[in-house]
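Q: Please take a close look at one helix in this structure and describe how it packs against its neighbours. A plain account for a first-year student would do.

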Amino acid sequence: MNLLLISVLTFFLIHTVLWLIRSRYDQIRKRAAEGGKHA
Amino acid sequence: MPDLEQAGVGSRDQNNAQGRYFMRFTRAQRALHAVLFTTFLGLAGTGLPLRFSQSYWARRFASGVGGFGAILFFHKFCAVVLTLAFLYHVKDVFTRGLIHREKGIFWGSTSMVADWKDVKDLIGHLRWFVGLGPKPQFGRYAYWEKFDYWAVFWGMIVIGFSGYAMWFAPFFATFLPGWALNAVLVIHSEEGLLAILFIFSIHFVNTHLRPDSFPMDMVVFTGVESEEEFKTKRPEEYAKLASEGKLQARLAEKPPLWLLNFSKVAGFAAILIGLVLLALTLSAYFRE
């Protein structure tokens, strides 16, 4: 039971953290590109 | 999708002026989600003080609401409401799939059943996270949404059965061995904890708190999303509907302000309660 709990949460925790980082990176890049266009 | 027509798909011309909106969830689906999240919050809010009854906040909460007996009463009440909602959903799925022979319920791009595309999307998504490939083109339901759905479905059966086995122990003892009744206590407690940790951390972040949905994805409350969101979040579904000429049938009215405001209040309250319960769970779990 503990193995199930720990493995599910660990996998999705890593998945979520990587997703957050990538989405934030894309957001910053998109804003920078838009700022460049307006300049 | 006959449901979508009942669900308030609005006048199509008025959409053109201020950007188009598309129906994603029917009224019945939104109502089911509302019952699911309110009863889940109720079950978590009453289950956690029972699970961590030795902790300070659980004792304070119990003394404030009339004792642990009162908490258990509300826990059972929420469980009955959620069970009825679950049974309604199962009946609805089987009626639509087996009796009305609706396509895409048990298999295909509109089904909640996982297929090879989900495996490929998961791998593709992980590769995209680290810059090794393009972002996958998600369809109506992405792999993490299917995982959420089946996690709840599985949880309903396991947590529900073990809960009822404890509630009606004398009846279940007529055909279950004694050790099984001890085991259901552990199963109910651990699976409930897993559900709480998963929903209040992973589901919240994946669905609402990630940068492209932050602070909340309103679609499950309003039922509609803008064309830009639709194209960005579900490019495969958008392209498929466009190529089949079915996009017009999904056009909907922009959600009214009262619905948006009501959804924000309900949604933020749910997220706030969930995060408080998550913090209490973690503090009690690591102090055990």
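A: An axis here is a line fitted to C-alpha atoms, for helices over the stretch in contact, and angles between N-to-C directions run from 0 to 180 degrees. The model is predicted. The helix chosen is α3 of chain B, residues 27-51.

One neighbour of α3(B) is helix α13 of chain B, residues 257-287. The two pack at an angle of about 25 degrees, and their axes are 11 Å apart. Therefore α3(B) is roughly parallel to α13(B), since angles under 35 degrees count as roughly parallel. The crossing of α3(B) and α13(B) is left-handed. On the side of α3(B), the contact is made by B:Arg30, B:Phe37, B:Leu41, B:Ala44, B:Gly45, B:Leu48 and B:Arg51. From α13(B) come B:Leu259, B:Ala266, B:Ala270, B:Ile273, B:Gly274, B:Leu277, B:Thr281 and B:Tyr285. By class, the residues of this contact are 10 nonpolar, 3 polar and 2 charged.

Another neighbour is helix α5 of chain B, residues 68-99. Here the angle is about 155 degrees, with the axes of α3(B) and α5(B) 8 Å apart. These two helices are therefore roughly antiparallel to each other, the term used for angles over 145 degrees. The crossing of α3(B) and α5(B) is also left-handed. Residues of α3(B) in this contact include B:Leu32, B:Val35, B:Leu36, B:Leu43 and B:Leu50. Among those of α5(B) are B:Phe68, B:Ile71, B:Leu72, B:Phe74 and B:Leu82. The contact also takes in B:Gly42 and B:Gly47 of α3(B), and B:His75 and B:His89 of α5(B). In total it has 17 nonpolar and 6 polar residues, and no charged ones.

Next comes the loop between α5 and α6 (116-129) of chain B, where B:Arg101 is found. The phi angle of B:Arg101 is near 55 degrees, a positive value in a residue other than glycine. B:Arg101 is exposed, with a relative accessible area of 64%.

The rest of the chain gives the setting. Chain B has 13 helices and 3 strands. Of its 288 residues, 44% count as buried. Among contacts in chain B with a separation of 6 or more, 69% are between residues 24 or more positions apart. The C-alpha atoms fill a box of roughly 60 × 40 × 40 Å along the principal axes. A compact globule of 288 residues would have a radius of gyration near 19 Å, and the 21 Å of chain B agrees with this.

Methods
Residues are numbered from 1 along each chain as its sequence is written. Chains are lettered from A and ligands numbered from 1 in the order in which they are written. This is a predicted model: local features need pLDDT of at least 70, side-chain atom pairs count only at pLDDT 80 or more; totals for chains, interfaces and linings use all residues. Side-chain values use heavy atoms; hydrogens and water are left out. Helices (H or I, at least four residues) and strands (E, at least two) are DSSP runs, numbered from the N terminus. Angles under 35 degrees count as roughly parallel, over 145 as roughly antiparallel, 65 to 115 as roughly perpendicular and the rest as oblique. A crossing is left-handed if the near helix is turned anticlockwise from the far one by less than a right angle, and right-handed if clockwise. Contact means heavy atoms within 4.5 Å. Ala, Val, Leu, Ile, Met, Phe, Trp, Tyr, Cys and Pro count as nonpolar, Asp, Glu, Lys and Arg as charged, and the others, Gly among them, as polar. The radius of gyration is taken over C-alpha atoms; the globule rule is 2.2 Å times the number of residues to the power 0.38. Buried means under 20% relative accessible area, exposed over 50%, partly exposed in between (1.4 Å probe, protein chains only).
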